[in-house]
Amino acid sequence: MPAQDKTRRLPLQAISQDISAWHGLQTISTYDTTRADASVAKLQQAYQAMLAQKQAETEKLTLYRAAADAARLAEWEFHNAVLAMKEVIRGQYGSDSDQAQAVGLKKKSERKRPQRKKSDAIAS
């Protein structure tokens, strides 16, 4: 049997089949083994540990999503505040001021003027 790659998640279908097999084993009253890793106690312990870890994962994912939403909203709030500040700078000091340039705006006098396109119709 090849080495197991424990860095990837098992497919949900495999987990579902394993749970079904575990529930099926619970109906067999005569099951007994000398293998410690296949004993009913070990299976029960592994099943309970899996359920606890999956619950912890779900709780942490919920907290992560809530924190990500809060961070996203805070980013938008900060962005909108900066946009408002830039409008105030432009209104208070003018579009061609050094203060406008200090907050990242381009001076009006430094903007490139639109060029007229030369037409080839004059030459013909």
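This tour proceeds through selections in a predicted model, beginning with two helices and ending with single residues.

**The two helices**

Select residues 12-25, which form helix 1, and then residues 40-93, which form helix 2. The axes of these two helices come within 12 Å of each other and cross at roughly 140°. That angle makes helix 1 oblique to helix 2. The crossing of the two helices is left-handed.

**The contact between them**

Next, display the side chains where the helices meet. On the side of helix 1, select Ile15, Ile19, Trp22, His23 and Leu25; on the side of helix 2, select Val40, Leu43, Gln44, Tyr47 and Met50. What is the division of these contact residues into nonpolar, polar and charged? The contact of helix 1 with helix 2 has 8 nonpolar residues, 2 polar residues and no charged ones.

**The aromatic pair**

A pair of aromatic rings is described by the distance of the centres and the angle of the planes. The model holds 1 aromatic pair by the rule applied here. To view this pair, select tryptophan 22 and tyrosine 47: the ring centres are 6.2 Å apart and the planes stand at 40°, a tilted arrangement. Because tryptophan 22 belongs to helix 1 and tyrosine 47 to helix 2, the pair ties together parts that are 25 residues apart in sequence. A distance drawn between the C-alpha atoms of tryptophan 22 and tyrosine 47 should read 8.5 Å.

**Tryptophan 22 and its surroundings**

Keep tryptophan 22 selected. Is tryptophan 22 buried or exposed? Tryptophan 22 has a relative accessible area of 7% and is therefore buried; both members of the pair, tryptophan 22 and tyrosine 47, are in fact buried. Now show the residues around tryptophan 22. When its neighbours within four places in sequence are left aside, tryptophan 22 is in contact with Val40, Leu43, Gln44 and Tyr47.

**Further along helix 2**

Move the selection to leucine 63, which is also placed in helix 2. With a relative accessible area of 60%, leucine 63 is exposed. For the last stop, add lysine 86 to the selection. Leucine 63 and lysine 86 are 23 residues apart along the chain, and their C-alpha atoms are separated by 35 Å.

Terms used:
Residues numbered from 1 in each chain as written. Predicted model: local features only at pLDDT ≥ 70, side-chain atom pairs only at ≥ 80, totals over all residues. Heavy atoms only, no water. Axes fitted to C-alpha atoms, helices over the stretch in contact; angles between N-to-C directions. Helix = DSSP H or I, 4+ residues; strand = E, 2+ residues; numbered from the N terminus. Parallel < 35°, antiparallel > 145°, perpendicular 65-115°, else oblique. Left-handed = near helix turned anticlockwise from the far one by under 90°. Contact = heavy atoms within 4.5 Å. Nonpolar A, V, L, I, M, F, W, Y, C, P; charged D, E, K, R; others polar. Phe/Tyr/Trp six-rings, centres within 6.5 Å; stacked < 30°, edge-to-face > 60°. Buried < 20%, exposed > 50% of the residue type's maximum accessible area, 1.4 Å probe, protein only.
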